Amino acid sequence: MQAKPKLMRDVLIEEVFSRAKRDKNLLFISADLGAESLDAFRAELPGQFIHPGICEQNMIDLAAGLTLSGKTVFTYAMASFITARCYEQLKVALGAMKQPVTVVSVGVGLGYDDAGPTHYTTEDIACLRALPNVEIWSPCDEESAREITSECCERPAFRYLRLERPALPAVYQGNFRAAMSAGFCEVAAGSDVAILSSGFMLHRALAVRDRLRMEGTDAAVIDLFRIKPLSARALLSQLERYPLVVTLEEQCLAGGFGSAVAEAFVDYGVQRPLLRLGLPDRYFFENGGRNHVLEKSGLSVDTIAERIAERLAPPARRQSHLPSVPTLSSF
Amino acid sequence: MPHSFQNRPRTTSGADASASLEILTAKSQWLRRTLFEMVMRTRKGHIPSCYSSIELLVALFYGGVLRYRHGKPNDTGRDRWIVSKGHAAMALYPILADIGFVAESELAQFTKKDALLRMYADPEIPGIDAISGSLGHGLGIASGICLAAKQDSRSQRAFVLLGDSECYEGSIWESAAFASHAGLDNLVAIVDRNGLSIMGRTEELCRLGSIEDKFRSFGWEAVTIDGHSYREIAEAYGRVGRTGGKPLAIVANTVKGKGISFMEGRSEWHNRMPDAAQQERAWADLETNCISH
């Protein structure tokens, strides 16, 4: 029986903590987001833990000053507050000044169940993608979270690290490190369609694959864990064998994960059907939890499988000669 | 008539030189004239924002305050300086040339195509320690620099020139709270209190009140001075490192555009360029010494 998976934030904090014990220049700044694993860090290395107040703007500028002075710095806060709240600081102090700070974003997407639009980040990929000099990483399990953290410690750069709030089952079995430089990894093989996803939604993609298989459709699942920079040429070459490519994200579609793939298709002249699945263009206030919102947004496993099956069906069997309404306004 | 950079007054080089009032006064005049010449060449830049800060900067670099070595911008131990009110960042350029951090020939290229010296400064320019142009970043970045120095038991300090209107930005007060809590007595904020933002007088637009009281309430040592008086500036800079573990805020009452009579205290000159007749008048004004005693 597999061990219970750890929370991604615990994986990250434990990795940074173990390295910080040996490296006094490794610092961790949290804008009031706690964790039990962080308590040990604070107790043992109080000089390397910084609480700047609930002040995300100052946290990022402060981090830039520290890296300018040769420190290795992790900044840590809830996803919605370490992105839009301090976007200007990410752009100016880290992007324009090329400061190698790791920006750890906890609870991306709809991760904070029932908390509503102030706590959801349904736009963070679009926002961060727009900044030059940043890398965007989105782990899907313990192993990928640990390896990416280790990379951030060993080769600091301006990285935006998207951590999922819940513990997620293992996808990788010791093979993530080898895949890391490519930025993506085919985690399940298939031939009829390729589903690209990352993080929490990668697990949904795997469930969709199982569902499609029951109907005789063989879907591959590709973990696109480094959203920026995209290894466009390698990714597109990998996708050549699939008649349909699907992107699946827990973001509004404007500028997000699917957009990154769509832009690569256009830029490289790839003329292959691409189905972008994500959240509708609205804010989410309703109670009922993450799955409920995803279901209402047409992103339940069954609905995703149906939408993919529809796109795979011969044109005569489709409800219309046009594909599903792209804005998802019907949901 | 245009002035040449080569005519700058000489001081003994480096931070050890604590120049006489006479030399500082001459430096003020040289810096104002050099900046005017630079701006007139391409008609880009912000003269009034620079001119309110001239004495504050000259005293920092030539008054024996900053620790740096001539021609050594990459010296990791040197003090750091951030002109966070980005419109005045160009006021550093002639000084950086004078202390051998950038080539003197760059001054004539200011804002020209692909030239090193841009309207707003960034760390690609030797001797520029943080980016400017967007308000409210310098104090936080300097806090990080000062905290790192404390952690490493280094004596490095950071001096940040803030605009008074920059103090509208909430991030300034986030940083002020942190710097005080962290006991960053190696951090000095100099607030250029010229009383003007682009659209008018701060106290009429959205009252800032006593910036000294604001910093003091955040746990800083704070003092208000005449920012054009070398005597008062020297007294204030003399408090650096003698603040009992607190960061130091020096609120300097200044005049925007100080030195060119028709620009003084006039917000409309923030981004305006003088015509030929006005340039003549400006050069005449810049012949005389404008500092207070």
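A search of the whole structure, which is a predicted model, turns up five cavities of 30 Å³ or more. The largest cavity holds about 90 Å³ of space. Its wall is built from 14 residues, and A:R162, A:S198, A:M201, A:E249 and A:E250 are the ones nearest the centre. Sorted by class, the lining of this largest cavity comes out as six nonpolar, four polar and four charged residues.

Where do those lining residues come from? In chain A, α8 (199–213) and β11 (245–252) each put at least two residues into the lining of the largest cavity. The largest share belongs to β11(A), with four residues.

Over on chain B, the surface is the thing to look at. Here B:Y168, B:I198, B:M199 and B:L205 together make a nonpolar patch of about 450 Å². One of these residues, B:Y168, sits in the loop between β2 (158–163) and α6 (170–181) of chain B. B:Y168 has a relative accessible area of 33%, so it counts as partly exposed; that value also clears the patch cut-off of over 30% relative accessible area.

Back in chain A, A:V11 gives a contrasting picture. This residue belongs to helix α1 (residues 8–20) of chain A. Its relative accessible area is just 1%, so A:V11 is classed as buried, the limit for that label being under 20%. A:V11 also pairs up in space with a residue from well along the chain: A:E142 is 131 residues away in sequence, yet the two C-alpha atoms are 6.5 Å apart.

How values were computed: Residues numbered from 1 in each chain as written. Chains lettered and ligands numbered in written order. Predicted model: local features only at pLDDT ≥ 70, side-chain atom pairs only at ≥ 80, totals over all residues. Heavy atoms only, no water. Patch = residues over 30% accessible without salt bridge, like charges linked within 9 Å, V, L, I, M, F, W, Y side chains within 5 Å. Areas by Shrake-Rupley, 256 points an atom, 1.4 Å probe, with all protein chains shown as cover. Salt bridge = Lys/Arg side-chain N within 4 Å of Asp/Glu carboxyl O. Buried < 20%, exposed > 50% of the residue type's maximum accessible area, 1.4 Å probe, protein only. 1 Å grid on protein atoms, 1.4 Å probe; cavity = no way out; pocket = protein on both sides within 12 Å on 5 of 7 lines; lining within 4 Å. Points joined across faces, edges and corners; volume = space filled by probe spheres on them. Nonpolar A, V, L, I, M, F, W, Y, C, P; charged D, E, K, R; others polar.
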